[in-house]
Amino acid sequence: MRVAIAGAGAVGRSIALELLDNHHQVMLIERELANIAPETVEAAEWVHADACELSTLEDADIESCDVVIAATGDDKVNLVVSLLAKTEFAVRRVVARVNDPRNEWLFGDNWGVDVAVSTPRLLAALVEEAVAVGDLVRLLTFRQGQANLVEVTLPEDTPLAGRPVRSVKLPSDSALVVILRGGRVIVPQGDDALEPGDELLFVATTAVEEDIRAALER
């Protein structure tokens, strides 16, 4: 993929390095001269400009990018970049960093955001996931579809022990996408038996999350 990242601070550079390691093409757009450091991400294309300027995005040929990531430390900037990328250049996938969780409600399709990533919320969710057994933990929100990635760890006394996946009657607008078990990643099949300690990851709308919890208790 060709990926443009607005913001070449520590977060933007780290994302760029990960993407380059996975053989993607990366362009970093940075307004602050102090953050222009091509030697830190040598394989990336560097652009010294304001990503909130329409002319900058035109010159950078943003419309040819598969993904735009708004990764600055300013939520207002990330919203503007997202909106321009989606509405002016029809970028297929726009990912935005949320710095202040209080602003998270803004990061939706109205502002061109497909996926909003709130670092404080994600860290809190991961802490909950590490200690919560039997509770449903929301790990990530996909804003465009109003769907969430949620996780449930089956407790030792789960009534589902030994039962096949197909026996779990999940609500509409939900899907079990993966089972994590002892370091293994299992793509669930109908006849796979569930075990205590299994980490179940679902994609589901917010409205049915409680129904998923209830289904796992029967």
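**Group meeting talk: a loop threonine and two unusual backbone angles**

Thanks for coming, everyone. Let's start with Thr72, which sits in the loop between strand E4 (67-70) and helix H3 (75-87). Before going on, please keep in mind that this is a predicted model.

So, is Thr72 buried or exposed? Its relative accessibility is 16%, and because buried means under 20%, Thr72 counts as buried. What does its side chain do in there? The side chains of Thr72 and Asn78 are joined by a polar contact of 2.7 Å.

Which other residues does Thr72 touch, once we set aside its neighbours within four places in sequence? Besides Asn78, the list has Ala6, Gly7, Val77, Arg97 and Asn99. I'd like you to look at Ala6 on the screen. Thr72 and Ala6 are 66 residues apart along the chain, yet 6.4 Å separates their C-alpha atoms.

That brings me to the chain as a whole. Among contacts between residues at least 6 apart in sequence, 54% join residues at least 24 apart. The chain has 218 residues, and 44% of them count as buried. Its secondary structure comes to five helices and 11 strands, and the C-alpha trace spans about 60 × 35 × 30 Å along its principal axes.

For those of you who think about surfaces and buffers, here are two more figures. About 11,300 Å² of the chain is exposed, with carbon and sulfur atoms supplying 52% of that area. On charge, there are 19 positive side chains and 37 negative ones, and the centres of these two sets lie 6 Å apart.

Now to the backbone angles. As a reminder, most residues other than glycine have a negative phi. Where do we find positive values here? One of them is His23, with a phi near 70 degrees. His23 belongs to the loop between helix H1 (10-21) and strand E2 (25-30). Its relative accessibility is 74%, and so His23 counts as exposed.

Asp173 is another one: not a glycine, but with a positive phi of about 65 degrees. You'll find Asp173 in the loop that links strand E8 (147-153) to strand E9 (174-181). With a relative accessibility of 56%, Asp173 counts as exposed too.

Let's follow the strands on either side of that Asp173 loop. What does E8 pair with? E8 runs antiparallel to strand E11, residues 199-205, and seven bridges join the two. If you want one pair to click on, take Glu151, whose bridge partner in E11 is Leu201.

E9 also runs antiparallel to E11, this time with six bridges. Here, Ser174 stands opposite Ala204 in E11. So E11 is bridged to both E8 and E9. While you're looking at these strands, remember that in a regular strand the side chains alternate between the two faces of the sheet.

To recap, Thr72 is a buried loop residue with a polar contact to Asn78, while His23 and Asp173 are exposed. Thanks for listening, and I'm happy to take questions!

Conventions. Residues numbered from 1 in each chain as written. Predicted model: local features only at pLDDT ≥ 70, side-chain atom pairs only at ≥ 80, totals over all residues. Heavy atoms only, no water. Helix = DSSP H or I, 4+ residues; strand = E, 2+ residues; numbered from the N terminus. Buried < 20%, exposed > 50% of the residue type's maximum accessible area, 1.4 Å probe, protein only. Pairing = 2+ DSSP bridges. Polar contact = N/O pair within 3.5 Å; in protein donor to acceptor, adjacent residues only side chain to side chain. Contact = heavy atoms within 4.5 Å. Areas by Shrake-Rupley, 256 points an atom, 1.4 Å probe, with all protein chains shown as cover. Lys, Arg positive; Asp, Glu negative; His and termini not counted. Charge placed at Lys NZ, Arg CZ, Asp CG, Glu CD.
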